[in-house]
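Hello,

Here is the structure I promised to pass on to you. Have a look at it first, and then read my notes below.

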Amino acid sequence: MQRVTPGELLASAWILIGPPAASAQGPSPRLESITVTAAKSRATVEKFAKAFFTPTKLAEKIARWESGVCPVTIGQPPGVASLVTDRVKDIAASVGAPVNGNEACTPNIQIVFTTTPQALLDDVRAHDPDYLGYAEGSAARERLATITRPIQAWYSTETIDLDGRRQVDSSRRLGIEMNNITAFAMPSSMGVNRDPISLPYATYAKVTGNHINNGVRSGFNHVLIVVDSSTLAGRGLNPLGDYIAMLALTQLRSLDVCQQLPSIVNMMAPNCNQAMEGMTTADLAYLRGLYTMDADKDLLRQQNEVADRMQEALGR
């Protein structure tokens with residue numbers, strides 16, 4: 001095996017020597033068609049949408065890409081890697097997600113095929129723990145850095161305020177220091193305390209003051225997707241590409257639940273008889289709803305707006 005260091009984005013990755021069995025005779029043709037499915041009731045659509053939502057820890061909103069996506073695929077031959085990378089960009093563009101068109105852009109979505117996924121995550125935890133996402137303490141970070149699925153994703157999110165100021169969501173906050181100019185009474189005298197106040201665990205954001213849409217948005221800062229090549233050897237490249245694209249564009253609440261509406265996520269859900277071999281119309285309707293919703297609204301209104309737009313798109 002060969003060890004590589006893809007720039008500043010990942011400390012290291014173990015690269016698979018040769019493509020998985022599905023690609024042994026060369027890259028599969030690109031999947032141009034999208035699986036067509038029918039929607040059910042409004043309640044089913046709403047349940048489907050809400051099953052996908054994972055609110056961010058600090059702003060408690062639905063994260064999406066607010067800056068242009070720049071995916072890179074590591075651990076496969078160039079032709080196969082390009083197919084996976086291009087698939088993510090194509091689906092992102094089709095649902096309204098921003099795409100960085102600069103070929104030399106700094107990758108913010110890393111897709112790593114490896115035969116030793118846990119070793120990779122141990123390395124990430126040691127050198128780039130923020131890539132694992134928000135975690136309160138070392139025990140939570142250790143749980144995050146545990147491989148539990150053949151394809152798994154980790155999300156570093158950021159909070160974007162009314163002025164466009166971005167701050168990565170992290171429990172390791174720098175804090176705030178400000179001057180206190182509030183007059184107050186002391187036992188021995190009256191005066192004004194102008195000593196600085198240190199708030200080591202505080203974060204701040206400029207907001208509108210409106211509870212419905214406060215001007216704050218949640219975005220992705222970095223997404224790491226790890227594919228266990230040995231476990232998935234023999235699977236088709238096109239379904240994997242669509243599954244990876246779904247993980248790259250939205251943070252899903254659970255990948256182990258068999259969705260009532262046909263979805264690409266059912267491909268890896270245990271004991272699910274609705275496995276799909278490509279992105280479905282329900283998946284695309286969800287992603288388009290996500291990338292056209294008002295991102296500064298509160299969580300409940302975001303959820304309802306995505307469900308409404310899904311229902312409109314699915315004709316129910």
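**Notes on the model**

Asn271 lies in the loop between α6 and α7 (281–292). Please keep in mind as you read that this is a predicted model.

Let me stay with Asn271 for a moment. Its phi is near 55 degrees, a positive value in a residue other than glycine. Asn271 counts as exposed, because its relative accessibility is 84% and the cut-off for exposed is over 50%.

Glu60 also deserves a look. This residue sits in the loop between α1 (42–52) and β3 (71–74). Phi of Glu60 is near 55 degrees, again a positive value in a residue that is not glycine. With a relative accessibility of 52%, Glu60 is classed as exposed, since exposed means over 50%.

Next comes helix α6, which covers residues 237–249. Does its length fit what one would expect, and what span should its 13 residues have? At 1.5 Å a residue, the helix should span 18 Å, and its end C-alpha atoms are 18 Å apart, so the two agree. As for its surroundings, α6 is mostly covered, with 12 of its 13 residues buried. Among the buried residues are Leu237, Pro239, Asp242, Tyr243, Met246 and Leu249.

Another residue to find on your screen is Asp228, in strand β11 (residues 217–228). Is Asp228 buried or exposed? Asp228 is buried, because its relative accessible area is 13% and buried means under 20%. The side chain of Asp228 makes a polar contact of 2.9 Å with the side chain of Thr231. Leaving aside residues up to four places away in sequence, Asp228 touches Thr114, Thr115, Pro117 and Pro150.

Finally, there is the largest pocket, which holds about 650 Å³ of space. It is lined by 24 residues, and those closest to its centre are Leu144, Ala153, Tyr155, Gln251 and Leu252. Two elements, α4 (138–144) and β5 (151–160), give two or more residues to this lining. Which of the elements gives the most to the lining? That is β5, with five residues. By type, the lining of the largest pocket divides into 10 nonpolar residues, eight polar ones and six charged ones.

I hope these notes help you find your way around. Do write back if anything is unclear.

Best wishes

Notes
Residues numbered from 1 in each chain as written. Predicted model: local features only at pLDDT ≥ 70, side-chain atom pairs only at ≥ 80, totals over all residues. Heavy atoms only, no water. 1 Å grid on protein atoms, 1.4 Å probe; cavity = no way out; pocket = protein on both sides within 12 Å on 5 of 7 lines; lining within 4 Å. Points joined across faces, edges and corners; volume = space filled by probe spheres on them. Helix = DSSP H or I, 4+ residues; strand = E, 2+ residues; numbered from the N terminus. Nonpolar A, V, L, I, M, F, W, Y, C, P; charged D, E, K, R; others polar. Expected span 1.5 Å × (residues − 1). Buried < 20%, exposed > 50% of the residue type's maximum accessible area, 1.4 Å probe, protein only. Polar contact = N/O pair within 3.5 Å; in protein donor to acceptor, adjacent residues only side chain to side chain. Contact = heavy atoms within 4.5 Å.
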